[in-house]
Amino acid sequence: MTHKKTCLLSALCAVLLLLSCSCARPLLCEVCGKPAFNHVCCPAAPCPVCGATYLCDCAVETVVREEPCPVCGATYLCDCAVDILDTAAVQRDIPPTITVSYPYQIDGELRNAVHSVTSGNFDWTVTHGNGTATTTHVCGIRPCDNPNTMRIPLDRMTDCGYMPELSLEKELIRSYTLKAYPIGSYGEEAGTDCTIRNGQLPLLKGAYYYELIVHYTQGTAVYGFFVE
C-alpha cells in the first residue's frame with residue numbers, strides 16, 4: 001500500500017514539474033517572439049475565424065492577399081485551388097448578352113433604342129477550382145424559328161444610316177461569324193456574310209434575319225434578330 005502511495009506521489013510530482021516547466025518556458029514564435037504554443041510562424045493578419053495573432057489550427061491561412069479570391073471572395077489565402085485572376089479573366093456561368101442600339105425619331109423627338117439579345121443555343125464550359133470542368137449544352141430552336149426572337153422595325157434604321165451599334169464583350173471572344181438571311185430563306189447557301197466595323201453593323205437594305213455565331217474562350221453561342 002505504501003509502495004502504491006509512493007508511486008502516485010511520484011507521478012503527481014512529475015506532472016506538476018512538467019506543468020511548471022511548460023509555464024515557465026513557453027514555445028515562442030520565431031518571428032514575433034510571443035508565446036505561440038505549438039506554432040512556429042507569425043501570420044500577417046489575425047485569423048478571420050478565431051482572431052488569433054499567432055498561427056492557429058483553423059482551416060485557413062491568415063496571410064492577406066492583394067485581390068479577393070475570384071471563387072469565394074476571401075481576402076486571406078483560402079483553400080480554393082485557383083490562382084488570383086484578373087477581373088477580366090473571371091469566368092461567366094452563361095454566355096454574355098449582346099446589345100443592338102440605334103437612334104430614331106418619333107413625333108419629331110430623337111430617341112435611342114437599346115435591344116438586349118441573349119443566346120438560347122450554346123455550349124459553355126466552366127472550369128472549377130479543383131481543376132474539373134462542367135460543360136452545358138443548351139440546344140434551343142434556331143433564333144429564326146423562334147417567335148420570341150427580337151424584331152427591329154426596318155424604318156427606324158434610316159435615322160442611323162442603316163448602321164446600328166452592336167456591342168460584344170471583345171475580351172472574351174476568339175472569333176465570330178455573322179450572316180444576313182432573306183426573310184423565309186435560312187439555308188446556309190442563302191446567307192450573306194456581314195462584318196462589324198468599329199462597333200457598328202452595316203445592314204443590308206431590306207428585311208433580313210441576322211445570325212451571329214460567337215466563339216468565346218469558354219464555348220460557342222448563337223444569337224439572332226430580325227430587321228424587317
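At 25% relative accessibility, Glu-169 counts as partly exposed, and its side chain meets that of Arg-92 in a salt bridge (3.2 Å, N to O). Keep in mind that this is a predicted model. The chain has one helix and 10 strands, and the tour below goes through its charge pairs, its nonpolar cores and two buried charged residues.

**The Glu-169 pair**
- Arg-92, the partner of Glu-169, is also partly exposed, at 28% relative accessibility.
- Glu-169 sits in the loop between β6 (165–167) and β7, while Arg-92 sits in the loop between α1 (2–24) and β1, so this pair ties together parts that are 77 residues apart in sequence.

**Other salt bridges**
- The count of salt bridges comes to six.
- As general background, side chains of opposite charge can pair when their charged atoms come close.
- Glu-228 forms a salt bridge with Arg-151, and the closest N and O atoms are 2.6 Å apart.
- That pair links distant parts of the chain: Glu-228 is in the segment after β10 and Arg-151 is in strand β5 (residues 151–152), 77 residues apart.
- Glu-228 is partly exposed, with a relative accessible area of 36%, and Arg-151 counts as partly exposed at 41%.
- Glu-109 and Arg-111 also meet through their side chains in a salt bridge, with an N to O distance of 3.8 Å.
- Here, too, the partners are partly exposed: Glu-109 has a relative accessible area of 44%, and Arg-111 has 37%.
- Then there's a network of salt bridges that links Lys-179, Glu-188 and Asp-193.

**Lys-179, a buried lysine**
- Lys-179 is in strand β7.
- The relative accessible area of Lys-179 is 17%, so this lysine falls under the 20% cut-off and counts as buried.
- A polar contact of 2.5 Å joins the side chains of Lys-179 and Asp-193.
- The C-alpha atoms of Lys-179 and Asp-193 are separated by 4.6 Å, though the two residues are 14 residues apart along the chain.
- Leaving aside residues up to four places away in sequence, Lys-179 touches Glu-188, Thr-192, Asp-193, Tyr-209, Tyr-210 and Glu-211.

**Glu-211, a buried glutamate**
- Glu-211 lies in strand β9 and is buried, with a relative accessible area of 8%.
- The side chain of Glu-211 makes a polar contact of 2.6 Å with the side chain of Tyr-209.
- Not counting residues up to four places away in sequence, the residues that Glu-211 touches include Arg-142, Pro-143, Lys-179, Tyr-181 and Tyr-223.

**Nonpolar cores**
- For context, nonpolar side chains tend to be buried together in soluble globular proteins.
- The largest nonpolar core has 31 residues, and those with the most contacts inside it are Ile-98, Leu-201, Tyr-210, Leu-212, Tyr-216 and Tyr-223.
- Two or more residues of this core come from each of β1 (98–106), β2 (109–117), β3 (121–127), β7 (173–182), β9 (208–216) and β10 (219–227).
- β9 gives the most to this core, with five residues.
- Tyr-216 touches a mixed set of residues, among them Pro-95, Pro-96, Ile-98, Trp-124, Ile-173, Arg-174 and Tyr-223, not counting residues up to four places away in sequence.
- A second, separate core of five residues includes Cys-144, Tyr-181, Tyr-186 and Tyr-209.

**Cysteines**
- A search of the whole structure for disulfides finds zero.
- Cys-144 is buried, with a relative accessible area of 8%, and Cys-194 counts as buried at 10%.

**Whole-chain numbers**
- Along the sequence, the elements follow the pattern α-β-β-β-β-β-β-β-β-β-β.
- The chain has 228 residues, and 29% of them count as buried.
- Among contacts in the chain with a separation of 6 or more, 48% are between residues 24 or more positions apart.
- The accessible surface of the chain comes to about 14,400 Å², and 56% of that belongs to carbon and sulfur atoms.

Technical notes: Residues are numbered from 1 along each chain as its sequence is written. This is a predicted model: local features need pLDDT of at least 70, side-chain atom pairs count only at pLDDT 80 or more; totals for chains, interfaces and linings use all residues. Side-chain values use heavy atoms; hydrogens and water are left out. A nonpolar core is a set of buried Ala, Val, Leu, Ile, Met, Phe, Trp, Tyr and Cys residues joined through side-chain atoms within 4.5 Å. Buried means under 20% relative accessible area, exposed over 50%, partly exposed in between (1.4 Å probe, protein chains only). Helices (H or I, at least four residues) and strands (E, at least two) are DSSP runs, numbered from the N terminus. Contact means heavy atoms within 4.5 Å. A polar contact is a pair of N or O atoms within 3.5 Å; within protein, one must be able to donate a hydrogen and the other to accept it, and residues adjacent in sequence count only if both atoms are side-chain atoms. A salt bridge is a side-chain nitrogen of Lys or Arg within 4 Å of a carboxyl oxygen of Asp or Glu. A disulfide is a pair of cysteine sulfur atoms within 2.5 Å. Accessible areas come from the Shrake-Rupley method with a 1.4 Å probe; for residues, only the protein chains shown count as cover.
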